[in-house]
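Work through these short exercises on charged side-chain pairs. Keep the sequence and the 3D view open.

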Amino acid sequence: MGAVRVLVARQDSLGDVLLAGPALRAVAARADETVLLCGPRGRAAADLLPGPDRVIEWCAPWIDPDRVPVEPAEVSAVTERLRGFDRALILTSFHQSPLPLALLLRLAGTPWIGGISEDYPGSLLDLRHRPDADVPEAARMTALATEAGFPPVDDGRLRVREPLPDMSALTGGPGYVVVHPGTSVPARAWPPHRHAEAVRLLAVSGRRVVVTGDRREKALTAEVAGDHAIDIGGRTDFPELAAVLAGADAVVVGNTGPAHLAAAVGTPIVSLFAPTVPAARWAPYAVRTVLLGDQSAPCRNTRATVCPVPGHPCLATVEASEVLRAVEEVAR
C-alpha cells in the first residue's frame, strides 16, 4: 500500500469509540500514521485505545444529540485540521451517515474515503461498504477496514492501553463484583430499587460489591450501595474505572459505555439489556456475557431514550435473584 497517513473517524459516545478499537488497530498496523477523529463525548475512550498516533476532537453537528451550532468559521477551521491525509475511514452506526464528514474531507483534499452508506454517496466515497444486517458493531467496523485493505492483525477483541492505575485503595484488591447502575438514557435503566436488592443479595451470598458511577450519579450509587457495598460513585476517571472493572470477577451493567469498557478489559458481564436497540449489534462484544431483559418487549428496536411502554416491562420484570444467578454463572 505504501506510506500512508490515515484518518479514522468515530464521532459519538464512549462505548461507540471503544467498539471501533479493533478496526483502528487493523489500520494502525499498516499505516505510517493513524489519527483518530472523535467527538467530545468519546474523547476519554479515544485516549485509552491502543493504535492511534494522535487524536483530533471535534463535535460534529450531525452526530451529537445536543444542538450544535453550525458556524462557517468552525467548519472551515476543522476542514483545515483535516488536511494532509492519504486515506480516511468513516466509522458510523447504522443510523448515521458518513456523507457530511466525507464532504469536509473532500474539501480538505483527501483523495480516498471509505464508509458504510445506505444513501447514494455520489463521488464522496471511494469505497461504499454494504455490511450484513445485525452483525456486532465492532465486527461491522472491522469489515469496513478489511475491505479498505486493513484486515485484522489480532483476535479482534476490544482492548485498552495498559498499564492501568492501581485502584486497590478504593476497591480493597481483586475479587469483587461491580454493579454499575447508571445508563446514558432512562430507557436502558434497570430500576434503582432492583439494583439495591441485587447488591444486598450479592453481599449476603458472600460477594464483595463495588458500586460505580460518574459524578452526576453519586446519589444513585449511594442509594444502590446502601450498607452492603463500597460506593465509589464519582471517584474515578475513565482509566481508573477501567482498572476497577478489570479487577472485578463480574460486572452488572446496562447497555451503556461501561459495559463496553468491561468487555475491553475482559471482565465477564451480566448485561441488563433493553431491546430499544438490537442486542445482536450492541451487546457486550467477545466476552463472557449473560443477557437479561425481555428482548421481544414492545419497545424493541424503537431507539427510544425514554421508555414508551408503561411500567418499563423489558427490564422492570427482571428480578434481583436472576442477577445473582447470572453473576454466579459468569464470574471468574
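A salt bridge here is a side-chain nitrogen of Lys or Arg within 4 Å of a carboxyl oxygen of Asp or Glu. The model is predicted. It holds 22 salt bridges.

**Exercise 1.** Decide whether Glu-137 and Arg-10 form a salt bridge, then place both residues.

*Solution.*
Step 1. The N to O distance between the side chains is 3.0 Å. The cut-off is 4 Å, so the pair counts as a salt bridge.
Step 2. Glu-137 lies in helix H6 (residues 137-147), and Arg-10 sits in the loop between strand E1 (5-9) and helix H1 (14-19). The two are 127 residues apart, so the pair links distant parts of the chain.
Step 3. Buried means under 20% relative accessible area. Glu-137 has 0%, so it is buried. Arg-10 has 1%, so it is buried too.

**Exercise 2.** Classify Asp-154 and Arg-25 as buried, partly exposed or exposed, and find the network they belong to.

*Solution.*
Step 1. The closest N and O atoms of Asp-154 and Arg-25 are 2.8 Å apart, in a salt bridge.
Step 2. Asp-154 is in the loop between H6 and helix H7 (168-171), whereas Arg-25 is in helix H2 (residues 21-28). They stand 129 residues apart.
Step 3. Asp-154 has 27% relative accessibility, so it is partly exposed. Arg-25 has 8%, so it is buried.
Step 4. Shared partners join Arg-25, Asp-154, Asp-155, Arg-157 and Arg-159 into one network of salt bridges.

Key:
Residues numbered from 1 in each chain as written. Predicted model: local features only at pLDDT ≥ 70, side-chain atom pairs only at ≥ 80, totals over all residues. Heavy atoms only, no water. Helix = DSSP H or I, 4+ residues; strand = E, 2+ residues; numbered from the N terminus. Buried < 20%, exposed > 50% of the residue type's maximum accessible area, 1.4 Å probe, protein only.
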